[in-house]
Amino acid sequence: MTVTPDDLDAAIGSVTAGLGHASDRDWSAVPGTGELTAWQTAEHLGDCLISYAGLLIARPSLPRFVCFEAVAEATAKPWELLEFVTVGGRVLGAVLRTTDPDVRAYHPSGEADIEGFAGMGCVEALVHGEDMARGLGVTLDPPRDLCSRVLARMFPDVDAGDIDPWTALLWATDRTDLPGRSSRAGWQWRSAPLDDPRPDRPNGS
């Protein structure tokens, strides 16, 4: 099962569609990821997506991110933040589609290939989108086949069994509990190719 730029488009689309139902709310007044507000989480998501594109383009020789930060204007409205997320996703998608499939680039969790960056972009969009959705009181409904592919690629150690793939992805990223299964606190994803013998390192997204 592979994860593609089309999957990234679908992930971004499902998140922005769901969050769009709350575009009339004050996103600075509700929680998002961790200690961030929903407004700050949306800004963080846009920056993440663009920073991944930057890593694939620059391919720094040292283990570091490219030295820039993408930020939203302080007066950005919710619909403008969703626009920022969409732009970030499209920029990353364009870079994924035009980068040699053999390219690897730095990420703290391990050197990622094209599929790894597509998968990371999907996870970032879906789980941060869910964080915002909970604070805003709306529901996300991403394609289940997309969730299955992302789960298989990014969390190969997770056996979802017959669990709903979206629920399984939320459990894999410590966003929900599953009866009879241990906590996923300190979860890791696998950014490197699945046949790479090098160990993963914690993501902490």
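**Close-up 1. Helices H1 and H4 lie side by side, roughly parallel to each other.** In this predicted model, the axes of H1 and H4 sit 9 Å apart and make an angle of about 10°. An angle under 35 degrees counts as roughly parallel, so this pair gets that label. On the H1 side, the contact is made by Asp7, Leu8, Ala11, Ile12, Ser14, Val15 and Leu19. H4 answers with Gly121, Cys122, Ala125, Leu126, Gly129, Met132, Ala133 and Leu136. Sorted by class, the contact of H1 with H4 has 11 nonpolar, 3 polar and 1 charged residues.

**Close-up 2. Helix H1 (residues 5–20) and what covers it.** Start with the length: at 1.5 Å a residue, the 16 residues of H1 should span 22 Å, and the end C-alpha atoms are indeed 22 Å apart, so the two values agree. Which residues of H1 are buried? They are Pro5, Asp7, Leu8, Ala11, Ile12, Ser14, Val15, Thr16, Gly18 and Leu19. The cover over these buried residues includes helix H2 (38–58), helix H3 (78–98), H4 and helix H5 (144–154). When you look along the helix, keep in mind that an α-helix has 3.6 residues a turn, so residues three or four places apart point the same way.

**Close-up 3. Helix H2 and the residue that follows it.** H2 has 21 residues, and 17 of them are buried, so the helix is largely enclosed by the rest of the structure. The length checks out here too: at 1.5 Å a residue H2 should span 30 Å, and its end C-alpha atoms are 30 Å apart. Just after H2 comes Arg59, with a positive phi near 45°.

**Close-up 4. Helix H4 (residues 114–136) crosses helix H6 (residues 165–172).** The two axes come within 10 Å, and the crossing angle is roughly 95°. That makes H4 roughly perpendicular to H6. H4 brings Leu126, Glu130 and Arg134 to the contact, while H6 brings Trp166, Leu169 and Leu170. By class, the contact of H4 with H6 counts 4 nonpolar, no polar and 2 charged residues. Leu126 may look familiar: this H4 residue is also part of the contact with H1.

**Close-up 5. Asp174, in the segment after H6.** Is Asp174 buried, partly exposed or exposed? At 35% relative accessibility, Asp174 counts as partly exposed. The backbone deserves a look as well: Asp174 is not a glycine, yet its phi is positive, about 60°. Most residues other than glycine have a negative phi. Leaving aside neighbours within four places in sequence, Asp174 is in contact with Ser183, Arg184, Ala185 and Trp187. Take Arg184 from that list: it comes 10 residues from Asp174 along the chain, and the C-alpha atoms of the two are separated by 5.0 Å.

**Close-up 6. Asp195, also in the segment after H6.** Asp195 has a relative accessible area of 69%, so this residue is exposed. How far apart in space are Asp195 and Val3? From C-alpha to C-alpha they are 15 Å apart, with their positions 192 residues apart in sequence.

**Close-up 7. Residues 199–205, where pLDDT stays under 50.** For this stretch the model has 22 contacts beyond four places in sequence. As for the protein chain, its mean pLDDT is 92, and 95% of its residues reach 70 or more.

Technical notes
Residues are numbered from 1 along each chain as its sequence is written. This is a predicted model: local features need pLDDT of at least 70, side-chain atom pairs count only at pLDDT 80 or more; totals for chains, interfaces and linings use all residues. Side-chain values use heavy atoms; hydrogens and water are left out. pLDDT is the predictor's confidence in each residue, from 0 to 100. Contact means heavy atoms within 4.5 Å. Axes are lines fitted to C-alpha atoms, for helices over the stretch in contact, and angles run from 0 to 180 degrees between N-to-C directions. Helices (H or I, at least four residues) and strands (E, at least two) are DSSP runs, numbered from the N terminus. Angles under 35 degrees count as roughly parallel, over 145 as roughly antiparallel, 65 to 115 as roughly perpendicular and the rest as oblique. Ala, Val, Leu, Ile, Met, Phe, Trp, Tyr, Cys and Pro count as nonpolar, Asp, Glu, Lys and Arg as charged, and the others, Gly among them, as polar. The expected span of a helix is 1.5 Å times one less than its number of residues. Buried means under 20% relative accessible area, exposed over 50%, partly exposed in between (1.4 Å probe, protein chains only).
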